[in-house]
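Biologist: Could you take one part of this model and go through it closely, step by step, for someone in a first year of study? Please connect that part to what surrounds it as you go.

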Amino acid sequence: MNFIETRGNDGRRPSSVTFSQAILKPLCSFGGIYVPEYLPELGEPFLRAHLGSDYKALARAVLAAFEPDIDQAVIDRALDLYDGFDDPAHPVPVVRVRDGLFVSELYHGPTRAFKDMALQPFGVVLSSLAQAREEQYLILAATSGDTGPATLETFKDRPNVKVACLYPDGGTSDVQRLQMVTEDAANLKVIGIHGDFDDAQLALKTLLSSDHFQARLRERHTHLSAANSVNFGRIIFQQIYHIHSYLELVRQGAIEIGDKVYLNVPSGNFGNALGGYYAMRMGLPVEKILISSNRNNVLTDLIRTGSYDLRDRDVIATSSPAMDILKSSNVERVFHDLFGAQRTRVLMAELDENRVYRLTGGELASLQAVFAADYADDAEVDAYISETFRKDGYLMDPHTATCFKAHASCRDKPLPDIVYSTAEWTKFSPTIAHVLTGEADSHDIDALKSISATANMPIPPMIEALFDRPVTQDTVIDKQDIEREVLAFI
């Protein structure tokens with residue numbers, strides 16, 4: 001299967017590329033990104049065939065449906081990294097919290113966040129491609145908190161690859177920051193910037209599309225790629241767990257194959273939701289995808305009104321910082337699928353130039369046929385965490401808690417709802433400790449111990465060890481100095 005461009009072709013690039021080419025060079029004409037030429041059919045026969053499959057077998061089958069030009073041995077090595085999750089036989093537990101509400105726990109990998117689900121295998125695939133081509137690659141990553149640690153973890157000490165990771169200084173939790181700034185592999189560079197995630201993401205996209213920057217890299221015999229979800233190498237792995245979660249409900253007797261469910265996704269950059277959208281388009285029985293946001297509710301406004309308006313908005317710091325984002329990269333992949341390349345290019349150009357676009361009435365109806373949306377503020381998030389722990393005995397992080405608002409407000413049918421838990425409680429311990437015990441302004445390590453005692457839950461060793469590791473990455477710079485810092489690293 002080949003891949004095409006969301007904003008059409010400029011005549012200077014190939015009109016379509018292979019999967020490996022799309023991974024290695026993820027940005028394309030007019031600032032667009034790659035999408036598959038078509039989506040394979042993975043309907044009821046596929047689901048029935050894989051009812052007894054474990055996660056890796058299901059993953060192999062989904063990947064095979066896209067016919068990637070990657071050696072099977074490489075794919076097998078990549079998927080073997082799921083064996084390093086908490087339970088190799090069940091890397092993604094799906095837990096019943098109460099009638100009609102299930103949580104798909106995507107955080108049981110090495111960095112305790114859902115980004116491991118895609119980035120663990122992605123690192124093997126990209127590094128293997130670089131070695132096979134005898135080429136050196138710089139991988140850029142911009143993070144609002146979880147992409148960074150997962151990217152650094154998967155690429156550390158891998159041959160033919162260096163990573164420069166941008167994060168907003170003060171815009172992540174302490175645990176997320178420590179996961180980055182204590183990394184000491186020689187092929188990793190962590191750069192804090194004065195700004196927010198949108199600034200980091202804009203810097204990444206600017207460098208990816210900069211002829212001058214790429215020329216400077218060529219002088220250093222280095223090619224450029226990215227680990228953010230602009231790279232379809234991430235998205236292809238993010239489809240799998242939606243199918244797996246559905247099959248888990250079948251295996252638990254909650255539904256039968258063919259019954260519809262809701263997918264409920266906490267959404268910042270929309271890659272997780274896009275994986276669910278593609279799974280739905282390929283045949284997964286989904287009633288609607290519920291988009292859950294925090295106070296940075298630009299996606300809620302888009303899905304409710306058809307307007308994406310950033311003109312009078314600034315990023316608001318919330319207790320769910322991985323969703324403190326205003327420009328969601330993967331929305332344009334949905335637009336390409338619904339409206340085509342020409343319209344997608346117009347909408348994205350309007351956003352870049354005017355910081356606003358508006359869908360037509362018909363376009364909004366198409367979007368609302370698939371998605372519904374709501375958002376929860378910090379007080380509501382605290383209440384959902386407290387109530388769910390007290391009544392159901394289930395402890396969740398603030399991002400997951402936003403989904404409980406959409407569960408209550410967005411379902412118009414009494415169908416099961418699969419909430420996607422994107423991070424473990426350990427990543428945001430001061431917020432949760434305040435909810436459970438009332439303590440305020442506690443340091444992460446004190447909050448972790450308090451929660452562990454209150455909830456009778458152990459602190460995972462990879463989190464506890466962070467507080468004894470020395471800080472090795474202390475660079476914090478202004479946005480305009482990013483290119484110079486990256487080139488100095490290379």
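**A strand and its surroundings**

Modeller: In this predicted model, β6, helix α7 (residues 174-181) and β7 make a right-handed β-α-β unit. Strand β6 covers residues 161-168, and seven of its eight residues are buried, so β6 is largely enclosed by the rest of the structure. Here a residue counts as buried when its relative accessible area is under 20%.

What does strand β6 pair with on the β7 side? Strand β7, made of residues 188-193, runs parallel to β6 and is joined to it by six bridges. One place to look for this pairing is L166, whose bridge partner in β7 is I191.

Strand β6 also has a partner in strand β5, which spans residues 136-142, and the pairing of β5 with β6 is parallel and extends over six bridges. Here the residue to find is L140, whose bridge partner in β6 is A164. To get from β5 to β6 the chain passes through helix α6 (residues 147-155), and this β-α-β crossover is right-handed. In general, the strands of a sheet pair through backbone hydrogen bonds, and the pairing may be parallel or antiparallel.

Stepping back from β6, we can place it in its sheet, which is an open one of five strands in the order β8-β5-β6-β7-β15, with parallel pairing. The edges are taken by β8 (222-226) and β15 (475-477), each of which has a single partner strand, so one side of each is left without a neighbour in the sheet. From one strand to the next, the twist averages 25 degrees. The partner of β8 is β5, since the order of the sheet sets these two side by side, and five bridges join β5 to β8, with the strands running parallel. Residue L140 is worth finding again at this point, for it stands opposite A226 in β8, while its bridge partner in β6 is A164. When you follow any strand by eye, it helps to remember that in a regular strand the side chains alternate between the two faces of the sheet.

For a second example of a covered strand, turn to β10 (residues 286-293), where eight of its eight residues are buried. Strand β9 (residues 261-266) runs parallel to β10 and is joined to it by six bridges, and the bridge partner of P266 in β10 is S292. The chain crosses from β9 to β10 by way of helix α12 (residues 271-281), in a β-α-β crossover that is right-handed. Strand β10 also pairs in the parallel sense with strand β13 (residues 371-375), over five bridges, and the bridge partner of I289 in β13 is F371.

The helices can be read as pairs too, because two packed helices are described by the angle between their axes and the distance between the axes. Helix α9 (residues 211-219) and helix α22 (residues 482-489) have axes that come within 11 Å and cross at roughly 15 degrees. That angle makes α9 roughly parallel to α22, and their crossing is right-handed. Helix α3 (residues 55-65) packs against helix α11 (residues 240-251) at an angle of about 130 degrees, with the axes 10 Å apart. These two helices, α3 and α11, are therefore oblique to each other, and α3 passes α11 in a right-handed crossing.

Two loop residues deserve a careful look at the backbone. Most residues other than glycine have a negative phi. In F30, which is not a glycine, phi is nevertheless positive at about 60 degrees, and this residue lies in the loop between α1 (19-24) and β2 (34-36). Likewise, R112 is a residue other than glycine with a positive phi, near 65 degrees, in the loop between β4 (101-105) and α5 (115-133). Their surroundings can be stated as well: F30 is partly exposed, with a relative accessible area of 33%, whereas R112 counts as buried at 3% relative accessibility.

Finally, a search of the whole structure for disulfides finds zero. Residue C410, for instance, is in no disulfide, and the nearest cysteine sulfur, that of C403, is 10 Å away. C410 counts as buried at 13% relative accessibility, and C28 counts as buried at 3%.

Definitions and conventions:
Residues numbered from 1 in each chain as written. Predicted model: local features only at pLDDT ≥ 70, side-chain atom pairs only at ≥ 80, totals over all residues. Heavy atoms only, no water. Disulfide = S-S within 2.5 Å. Buried < 20%, exposed > 50% of the residue type's maximum accessible area, 1.4 Å probe, protein only. Helix = DSSP H or I, 4+ residues; strand = E, 2+ residues; numbered from the N terminus. Pairing = 2+ DSSP bridges. Right-handed = clockwise from strand over helix to strand, strands pointing away. Axes fitted to C-alpha atoms, helices over the stretch in contact; angles between N-to-C directions. Parallel < 35°, antiparallel > 145°, perpendicular 65-115°, else oblique. Left-handed = near helix turned anticlockwise from the far one by under 90°.
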